[in-house]
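Here is a short report on one protein chain. Look over the sequence and the model first, then read on.

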Amino acid sequence: MRKALTALALLAAGPAFATGLEVQVEGDANGTIRIDLFEDVAPKHVEQITALAAEGQYDGVVFHRVIEGFMAQTGDVEFGKAGGDMSAAGRGGSGRPDLPAEFSDLPFDRGVVGMARSQNPNSANSQFFIMFDAGHFLNGQYTVVGKVTEGMDVVDAIKRGTGQNGSVTGKPDAMSKVTVTE
């Protein structure tokens, strides 16, 4: 009976999610970014991100869109691998289905991590962005998935893009290794 109650209590606690990511960055920026993921705010998005990270799909993916004073975007596991043809970077996702929006009241402040998407609010897949500064015009429009807890100096050093869309030319900085942390 005691074992059954213990098992039942564990099941009632819900799925065990990882609580963060450790991102090794190489390029103009070199170092580690630690991100606390908000599984209570965006459980489906956190589950997808951590699954992709655990599979190694984010390893070698570049920061393809980086806009000064705004954000650094990465996570295109389909077209954003370092050393490949970068002309389609930012247009891809993963082999997993797109996610329904999980909007919250959390503001897009400096260091907040959000999910990138197309015009369709339910189109987030693998790409995410880290805010350089507050961007409250995004509040309630994009899913907040976490916040940088260490390494904002690394984020601040990521190679910037050019033009209105912030496309990074030449050799973009990349996430050399992304590890799921507990």
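## Overall fold

What share of the contacts in the chain with a separation of 6 or more comes from residues 24 or more positions apart? The share is 67%. Keep in mind that this is a predicted model.

The chain has 3 helices and 9 strands. Read from the N terminus, the order of elements is α-β-β-α-β-β-β-β-β-β-α-β.

## Size and surface

The chain has 182 residues and a radius of gyration of 17 Å. A compact globule with that number of residues would come near 16 Å, so the chain agrees with the rule. Along the principal axes, the C-alpha atoms fill a box of roughly 65 × 30 × 30 Å.

Of the 182 residues, 43% are buried. The exposed area of the chain is about 9100 Å². Carbon and sulfur atoms supply 52% of that area.

## Pocket and cavity

Rolling a probe the size of a water molecule over the atoms shows where empty space is left. The largest pocket holds about 670 Å³ of space. It is lined by 29 residues, and the closest to its centre are Arg65, Gln73, Gly90, Arg117 and Gln127. The lining of this pocket splits into 14 polar, 11 nonpolar and 4 charged residues.

How many cavities of 30 Å³ or more does the structure hold? There is 1. The largest cavity has about 30 Å³ of space. Its lining is made of His45, Ala101, Phe103, Met115, Arg117, Pro121, Ala124 and Thr143. By class, that gives 5 nonpolar, 2 polar and 1 charged. Arg117 appears in the lining of the largest cavity, and Arg117 is also listed among the residues closest to the centre of the largest pocket.

## Isoleucine 35: a strand position

Isoleucine 35 sits in strand S2, which covers residues 31-37. Is isoleucine 35 buried or exposed? Its relative accessible area is 4%, which is under the 20% limit, so isoleucine 35 counts as buried.

Setting aside residues up to four places away in sequence, isoleucine 35 touches Thr19, Gly20, Leu21 and Val23 among others. Its contacts also include Val113 and Ile130, as well as Gly146, Lys147, Val148 and Thr149. Proline 107 is 72 residues away along the chain, and the two C-alpha atoms are separated by 16 Å.

## Valine 77: a buried loop position

Valine 77 lies in the loop between strand S5 (71-74) and strand S6 (112-115). This loop residue is buried, with a relative accessible area of 11%.

Which residues does valine 77 contact, leaving aside neighbours within four places in sequence? They are Gln57, Tyr58, Val61, Gly93, Ser94 and Ser126. Alanine 134 is 57 residues from valine 77 in sequence, and the C-alpha to C-alpha distance is 26 Å.

## Asparagine 139: a partly exposed loop position

Asparagine 139 is found in the loop between strand S7 (128-131) and strand S8 (144-150). Its relative accessible area is 29%. Buried means under 20% and exposed means over 50%, so asparagine 139 is partly exposed.

Beyond its neighbours within four places in sequence, asparagine 139 is in contact with Leu106, Pro107 and Phe108. Serine 104 is 35 residues from asparagine 139 in sequence, yet their C-alpha atoms are 8.0 Å apart in space.

Conventions: Residues numbered from 1 in each chain as written. Predicted model: local features only at pLDDT ≥ 70, side-chain atom pairs only at ≥ 80, totals over all residues. Heavy atoms only, no water. 1 Å grid on protein atoms, 1.4 Å probe; cavity = no way out; pocket = protein on both sides within 12 Å on 5 of 7 lines; lining within 4 Å. Points joined across faces, edges and corners; volume = space filled by probe spheres on them. Nonpolar A, V, L, I, M, F, W, Y, C, P; charged D, E, K, R; others polar. Helix = DSSP H or I, 4+ residues; strand = E, 2+ residues; numbered from the N terminus. Rg over C-alpha atoms; globule rule 2.2 N^0.38 Å. Buried < 20%, exposed > 50% of the residue type's maximum accessible area, 1.4 Å probe, protein only. Contact = heavy atoms within 4.5 Å. Areas by Shrake-Rupley, 256 points an atom, 1.4 Å probe, with all protein chains shown as cover.
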